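Thank you for making time this morning. I would like to walk through one chain, element by element, with the coordinates open in front of us.

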Amino acid sequence: MDDEELRRLARAHHVETGYRDWRGQEAQVSPETLRAVLASLGADGGTAAAERTAREPDRGAPAGPLPPPDRAWGFMTQLYSVRSRASCGIGDLRDLADLAGWSARLGSGFLLVNPLHAGSPVSPIEPSPYLPVSRRYTSPLYLRVSALPEFDAHPDRWTFLGRLESIDTLDRDRVWKVKDEILRALFALFTPDNSYRAYRRREGSALTGFATWCALAELYGADWRGWPSHEPGGARAERVEYHAWLQWRLDGQLADAQRTARSAGMPIGIVHDLAVGVHPGGADTWLYPDLFAPGMSVGAPPDEFNQLGQDWGQPPPHPLRIADDDHRHYRAMIAAALRHGGGLRLDHVMQLSRLWWVPEGAPPDQGAYVAYDRRALLRVLCEEAARADAVLIGEDLGTVEPSVREALSAHGVLGTGLLWFERGRRPGEWRESCLASVGSHDLPPIAGFLHGDHITLREELDLLTRPVAEERAAHEADLAGWFRLLTDEGLLDAGQDEAPAALLDRVGVPGIVEALHAYLARTPARLIGVSLADAAGERRTQNQPGTTNEYPNWRVPLPLSLEEIKTDPGVRAAIAPLTG
């Protein structure tokens, strides 16, 4: 077919043939990309195929808007990086409860954490919490082993955990090797009771299927695409039961964390995070292969901070097939995420409306947007959030259609506002319906940003698309603009001709951190998030998009232990504008 016919067919299947890039310029999708996307949709056979696979309209009643939350502030953190003396090498669910209770007593209304989704049960464990094997279940890395009832009954309990006391960097494989060994020993002491049986009944075949995948992964490896057979035969019943037991114990500790947060006075409590997708060789794609589009990966087109585009290595959901049975699998996943939390953040909220599909083997900038039934997905989200009395937050950053933000606002779903992206906007000009913060996990902490560490890092990793001198000049101009605005607001005292570097030396990072949060406090934003990494003075970025092994993504611990965070004057200074 010729180019025009190809583009007509693509549009009939809700594949966008062009888009507006981050510079505001029109970009066209290549014919090669369009053919690959249509083939993945099963729609490369012409008009007849289009009639079979085109997105069906949602026929459900629209969901009513969620009530807006009371104005509140809260910490945002990557839980695995928040380590206490008792958590054995990686932050766990008891650390979550402890942090929630402590911050609630300071006046916080919520605690936002990274996705706690399940990862591989065998090494090597994927470090990114945004590339899980399942979005419905939880990683047992987060279990506080010493808090389990079986722990006190084991004669060698402290021998196991003593092996982790010297860990001073995030090493998931080492942590899991030790935790798995003692958890197996504790499971041998477990006798099923009515609570466990009720949990198994509630979770039904979904948990059995997930636990079976885990047991098979122990035999054949964590990527089912390399297994000798996709049939579930070969998994021993006791290994399946072990992984089901782990999820039951995780469910209990998650419930304890939310109960602690609310009991300490948090009106919202724990806000969980929902990743965009899953690992292509994980449990969800093995259990529900028809729900994913083959030969494709989700990512993002080039933007200011990721100028080569991004490929996240996740197979996209198939737009039509996920709509079967009133989005049954999607609904179950959302219900699970909200079961023990007061809110849910949707990473890359464009997942409700369109996703950037990158054909296998193509660079990230050679993708195309494919549309989803936003009305139906929002209806499911709002129904489950209303049932759980929870707040919803969408990460609506980057290239986002105006209609998406309008739809989110109409449904009571908060958006996201990042100070560094607001380019000198006055506090009163911010929207009310958002979670406002200085940065995010994909940006450097304040200390690193002020020193331009992100430019040095991207230069070393060859991720820049313009000369480094231009990047530094633009960054200096941005900082100067922000320092002038903070001075105009009476939050900082910058001299008229004072260079950003000189002001930074004079005021210090803690002074600027406090001024930036004082600025956020003046916005009308419903929720204000304070990165725990910013408060603790961390300079290293948690994740550098566009890299895998070139940078230790998702492995950076906080510079302070949880015990030190509670008494650190810098942490108290960072939140002072929000607690006064």
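Let me start with a question: does T77 count as buried or exposed? Keep in mind, while you look, that this is a predicted model. T77 counts as buried, because its relative accessibility is 8%, and the cut-off for that word is under 20%. The residue belongs to strand β3, which covers residues 72–77. Leaving aside residues up to four places away in sequence, T77 touches V82, L99, L111, L112, V113, N114, L532 and L558. Some of that neighbourhood comes from far along the chain: the C-alpha atoms of T77 and D534 are 9.8 Å apart, although their positions lie 457 residues apart in the sequence.

Several of those contacts lead to strand β4, residues 110–113, where F110 and L112 point one way while L111 and V113 point the other way, and all of these are buried. In a regular strand, side chains alternate between the two faces of the sheet. Strands β3 and β4 run parallel and are joined by four bridges, and M76 has L112 as its bridge partner in β4.

Staying in this part of the chain, helix α4, residues 93–105, contains D95. With a relative accessible area of 2%, D95 is buried, and its side chain makes a polar contact of 2.9 Å with the side chain of R144. Other residues that D95 touches include V82, S87 and L562.

Now to the second sheet I want to show, which is open and consists of four strands in the order β9-β8-β11-β12, with antiparallel pairing. Strands β9 and β12 stand at the edges with a single partner strand each, so one side of each is left without a neighbour in the sheet. On average, neighbouring strands here are turned by 50° against each other, direction ignored. Between β8 and β9 there are three bridges, and G299 is paired with D311 of β9. Helix α2, residues 31–41, lies across β8, β11 and β12, and runs at about 110° to β11.

Turning to the helices, α7 deserves a careful look, since a straight helix of 27 residues would span 39 Å, whereas α7, residues 194–220, spans only 33 Å between its end C-alpha atoms. Where does α7 bend? The bend is at G204, and it amounts to about 95°. At the N-terminal end, D193 caps the helix, with a side-chain oxygen 3.2 Å from the backbone nitrogen of S195, and after the helix comes G221, whose phi is positive, near 110°. For contrast, α17 has 13 residues and reaches 18 Å from its first C-alpha to its last, close to the 18 Å expected; its buried residues include V509, I512 and L516.

I will finish with the backbone geometry of some loops. A cis peptide bond, with omega about -5°, joins S123 and P124, and P124 is in the loop between β5 and β6. H348, in the loop between β10 and β11, has a positive phi of about 50° although it is not a glycine, and H348 is buried, at 15% relative accessible area. D389, in the loop between α11 and β13, also lacks the excuse of being a glycine and has a positive phi of about 55°, but D389 is exposed, at 64%.

Key:
Residues are numbered from 1 along each chain as its sequence is written. This is a predicted model: local features need pLDDT of at least 70, side-chain atom pairs count only at pLDDT 80 or more; totals for chains, interfaces and linings use all residues. Side-chain values use heavy atoms; hydrogens and water are left out. Helices (H or I, at least four residues) and strands (E, at least two) are DSSP runs, numbered from the N terminus. The expected span of a helix is 1.5 Å times one less than its number of residues. The bend at a residue is the angle between axes fitted to the seven residues ending there and the seven starting there. A polar contact is a pair of N or O atoms within 3.5 Å; within protein, one must be able to donate a hydrogen and the other to accept it, and residues adjacent in sequence count only if both atoms are side-chain atoms. Buried means under 20% relative accessible area, exposed over 50%, partly exposed in between (1.4 Å probe, protein chains only). Contact means heavy atoms within 4.5 Å. Two strands pair if DSSP finds at least two bridges between them. Axes are lines fitted to C-alpha atoms, for helices over the stretch in contact, and angles run from 0 to 180 degrees between N-to-C directions.
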